[in-house]
Amino acid sequence: MALEIRDIHKHFGPVRANDGVSITVGEGSLHGILGENGAGKSTLMKILSGFYEADSGAVVLDGEVLTLRSPADAIAVGIGMLHQDPLVFLPFTVLDNFVLGSPGPVRLDRSNARTELERVSTELGFSFDPAALARDLTVGERQQLEITRLIWLGARVLIFDEPTTGISATQRIQLFATLRALAEHGMIVLFVSHKLEEVEELCDSVTVIRRGKVVFEAPMPVAPELLVEEMFGKVFVADEREPVALGGPVLRLESVSVDDGKTHLDALDFEGAAGEVVGLAGLEGSGQRTLLRACAGLLTPTAGHLSVDGVDLTHVSYRGHLAVGVHYLPAGRLEEGLVEGISVTEHLVLTSHDRRFLVDWKGAEAAADRVIDEYSIKGRPSSPAEALSGGNQQRLLLAMIPEDVRLLLLEHPTRGLDVESAAFVWKRLLERRTDGATIIFASADLEELLTYSDRIVVFFGGSVFAVRDTASTDGEELGYLIGGKERV
Amino acid sequence: MRSAAPTLVALVAALAVGIVLLVLVGAPPFEALWLLVEGSFGSASKISATLLAWSPLLLASAGLVVTFAAGLWNIGVEGQIVIGAVAATWVARSLPGPGWVVILAAIVAGAVGGLLWALLAGVLKTHGGVHEIFGGLGLDFVAAGLVIYLVLGPWQRTGVASTSGTDIFREDAWMPTLEMLGTGWPVIPVLLGLASVVVVWLLLRGTRFGLRLKAVGRNPKSAALIGIPTNRYLLGAFAIGGALAGLAGTVQVTAFQHKLVPSVSGGYGFLGILVVLLAAFGAVWIAPIALFFVAISVGSTQLDLRLGLDSAFGGVLQGFIVLFVMVGGAWSARRASVERAARGEP
């Protein structure tokens, strides 16, 4: 048995998520697929498991070209996928979850299913109480249930998408043992990850995907620095930085603990000075957003103290943060920032300090014209937000930042922007810092982090992993740190 | 500018279905349609009756434009009309003094009653996490039950309790009409109705409140991040919508029924939802669309009298119009998005 992915192309509008990907994996292989966020791993796996249809290319299993139009098609030919969040119906029992996806007659044969669950799970070395509710299982146990179900449905190729997120160390060891056992039984296991350590520990071959293309393929072991370089591209060396005179502290975190249900930051001490730019590095979901949202007042710390300009904001609402000059700009421009169906003028009216009941639309339109000029937004005052391109949406959001901002919190400020827009965004942001604001931004772009930050905080697995002065680090070291390893 | 062609096509399609239905039940289709027109606009008194029915529909629809702007499905509008009517009835029955004082007080009471009933659904949503559709629907039933209790219990007719309603109000507590052309014209209700539409239009078009409400309705997440206190705005929308619905209830009891009846809402709340859907959630087209709808409702009583057809035919026709307009709208939206995709736009 061999799985062959042949020249897969998948475009989303102008974005080439997969641009001619070919991978061949043999029977009994534990194959790692590495890549940074947005490299195209997930798209490829979704094509394999029938969630997306490829624009062109083919998936071949045992020499047979597969037609994968739905996840049901995929599992029928033996390809099963385990999602990052296991697709388990929490209010259902273990047994009901087990039989849910099975094809067959209308009538549920629960007693037969119970025996089957018992048989397959014992083979795999798991044990379940069939009557337990799925919501009472740990994430690790839900994964085990999913694996059992997929094996029972006849999966021969199993795809694991970041399976170690949210499970305990013991469960990770157990999961890895299971994956090895599956491979020994001749299954093909695809292990999608961005954690170098895990791929090193587990896989016997690896493919690195970058910007929708396969850039590297080799049997393991491979030197980690080589993998880092392949994942992030040419290792970037920052220019010599002009030293910046920093002012007094603006943001102060004193042993702040905060939890958003997925990541938990524990007893974090941190200071941001006036005029300082702090970059937050790390893979998506490692805790950067948790920190930003806590600083913005959208998450209340469970312990510790948070203050801006000496004002204690620990238990102050989001609007209280706004009032002292905190401004938060999330990554989803149209989801958390702009309002669809509302024009450029209307957005500027919404954020203006004018509080009169009646809106002076003539004046507002003239003001919008000035902003459009100043920020070179390609659009008219009457253009609705969704009609602007990503770069222009970001320019509008910049224009909506109040003059007297003290702490600016940004997520991926230049994601998806062309070079010119990105440079413009940073020119504007750096002006704010000259005015004495503190800027904290999360980014997945090493070059951006190294170019604009004074300090870089690296997150890994839901906590702060390392803090580096930008002057004393480089892209290679950051690549290691982001993958959860110290450079040796 | 949105093209009117799909709407026209939908109207013609609804009429065609209506004609087919009439043929199927053995009625002369064109005579029946003519009776609809004649029944609503055929004489001075019929026009007056149509205008009297138009007013509460205008009020309820104007209120619904506000709640829809905030992204709310105010299904509780029926209950808000009913509670407005109950509050107005209470004033008309118990307040002594000159008639004009009673009428003014009834108007205020009706608006406040509807407002409070709507706020109940609002607080359930903002503080209890109950979706406004479920909260509103529940409160509709509570309001309907309350009216029946009042009509059969504490406010029963002298002599015998009957679902035909309470005693008629004393005559100087009736909303006055303008006598002209041999019939009484409901000037005050019509002015209230038209004023509500204009005020709502201005509110949404020209004020900071209206703009913020629109932002909350279209994207509560972004609105909250911009710094708008979203819950306060949602409750504000409920309050305005409820007050206008309560006024509709006041008109129903003081200008039309002159007593409280179990079916006091006249279904104008749900009909208002259809009107606002057809008006594409804006205030501009409400007046003509509402007039068209009540004309069908009022005119269809003639079908019963003259052709022995059930007057529910009017409702069937209204339903088909809305259905076809919605389908047409969805179809043209889909076509537009396919065209955009073909041009390579997002």
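The exercises below, each with a worked solution, concern salt bridges, a helix, a surface patch and aromatic pairs in a predicted model.

**Exercise 1. A salt bridge between strands**

Task: Determine which parts of chain A are tied together by the salt bridge of Lys213(A) and Asp19(A), and how accessible each partner is.

Solution:
- Start with the distance. The closest N and O atoms of Lys213(A) and Asp19(A) are 3.3 Å apart, and the cut-off for a salt bridge is 4 Å.
- Next, place the residues. Lys213(A) belongs to strand β10 (residues 213–219) and Asp19(A) to strand β2 (residues 15–26), so the bridge ties together parts 194 residues apart in sequence.
- Then compare accessibility. Lys213(A) has a relative accessible area of 42% and is partly exposed. Asp19(A), at 14%, is buried, the limit for that class being under 20%.
- For context, the search over all chains gives 31 salt bridges.

**Exercise 2. Two further bridges and a network**

Task: For the salt bridges Arg406(A)–Asp309(A) and Arg433(A)–Asp454(A), give the N to O distance, the location and the burial of the partners.

Solution:
- Arg406(A) and Asp309(A) meet at 2.7 Å, N to O. Arg406(A) is in the loop between α13 (390–399) and β17 (407–411), and Asp309(A) is in the loop between β14 (303–308) and β15 (311–312); the two are 97 residues apart.
- Arg406(A) is partly exposed at 23% relative accessibility, and Asp309(A) is partly exposed at 37%.
- For Arg433(A) and Asp454(A), the closest N and O atoms are 3.0 Å apart. Arg433(A) sits in helix α14 (residues 419–434), while Asp454(A) sits in the loop between α15 (446–452) and β19 (455–460), 21 residues away.
- Both Arg433(A) and Asp454(A) are buried.
- Salt bridges also form a network, which links Arg289(A), Arg293(A), Glu336(A) and Glu411(A).

**Exercise 3. The sides of helix α2(B)**

Task: Check the span of helix α2 of chain B, then find which residues are buried and which are exposed.

Solution:
- Helix α2(B) covers residues 29–41. At 1.5 Å a residue, its 13 residues should span 18 Å, and the end C-alpha atoms are 19 Å apart, which agrees.
- The buried residues are Pro29(B), Ala32(B), Leu33(B), Leu35(B), Leu36(B), Gly39(B) and Ser40(B). They occupy an arc of only 150° around the axis and therefore lie on the same side of α2(B).
- The general rule behind this step is that an α-helix has 3.6 residues a turn, so residues three or four places apart point the same way.
- Phe30(B) and Trp34(B) are exposed, on the other side of α2(B).

**Exercise 4. A nonpolar surface patch**

Task: Identify the elements of chain B that supply the nonpolar patch.

Solution:
- The patch consists of Leu178(B), Met180(B), Leu181(B), Val187(B), Ile188(B) and Leu191(B), with about 540 Å² of accessible area together.
- β1 (178–180) and α7 (187–206) each supply at least two of its residues. The largest share, 3 residues, comes from α7(B).
- Ile188(B), placed in helix α7, is partly exposed at a relative accessible area of 32%.

**Exercise 5. Aromatic pairs**

Task: Classify the ring pair of Phe126(A) and Phe128(A).

Solution:
- The ring centres are 6.3 Å apart and the planes stand at 65°, so the pair is edge-to-face; the cut-off for that class is over 60 degrees.
- Phe126(A) is buried at 6% relative accessible area, and Phe128(A) is buried at 18%.
- There are 13 aromatic pairs over all chains. Ring pairs also join Trp426(A), Phe441(A) and Tyr452(A) into a cluster.

How values were computed. Residues are numbered from 1 along each chain as its sequence is written. Chains are lettered from A and ligands numbered from 1 in the order in which they are written. This is a predicted model: local features need pLDDT of at least 70, side-chain atom pairs count only at pLDDT 80 or more; totals for chains, interfaces and linings use all residues. Side-chain values use heavy atoms; hydrogens and water are left out. A salt bridge is a side-chain nitrogen of Lys or Arg within 4 Å of a carboxyl oxygen of Asp or Glu. Helices (H or I, at least four residues) and strands (E, at least two) are DSSP runs, numbered from the N terminus. Buried means under 20% relative accessible area, exposed over 50%, partly exposed in between (1.4 Å probe, protein chains only). The expected span of a helix is 1.5 Å times one less than its number of residues. The arc is that of the directions from the helix axis to the C-beta atoms. Patches are made of residues with over 30% relative accessible area and no salt bridge: like charges are joined within 9 Å, nonpolar side chains (Val, Leu, Ile, Met, Phe, Trp, Tyr) within 5 Å. Accessible areas come from the Shrake-Rupley method with a 1.4 Å probe; for residues, only the protein chains shown count as cover. Rings of Phe, Tyr and Trp (its six-membered ring) pair if their centres lie within 6.5 Å; planes under 30 degrees apart count as stacked, over 60 as edge-to-face and the rest as tilted.
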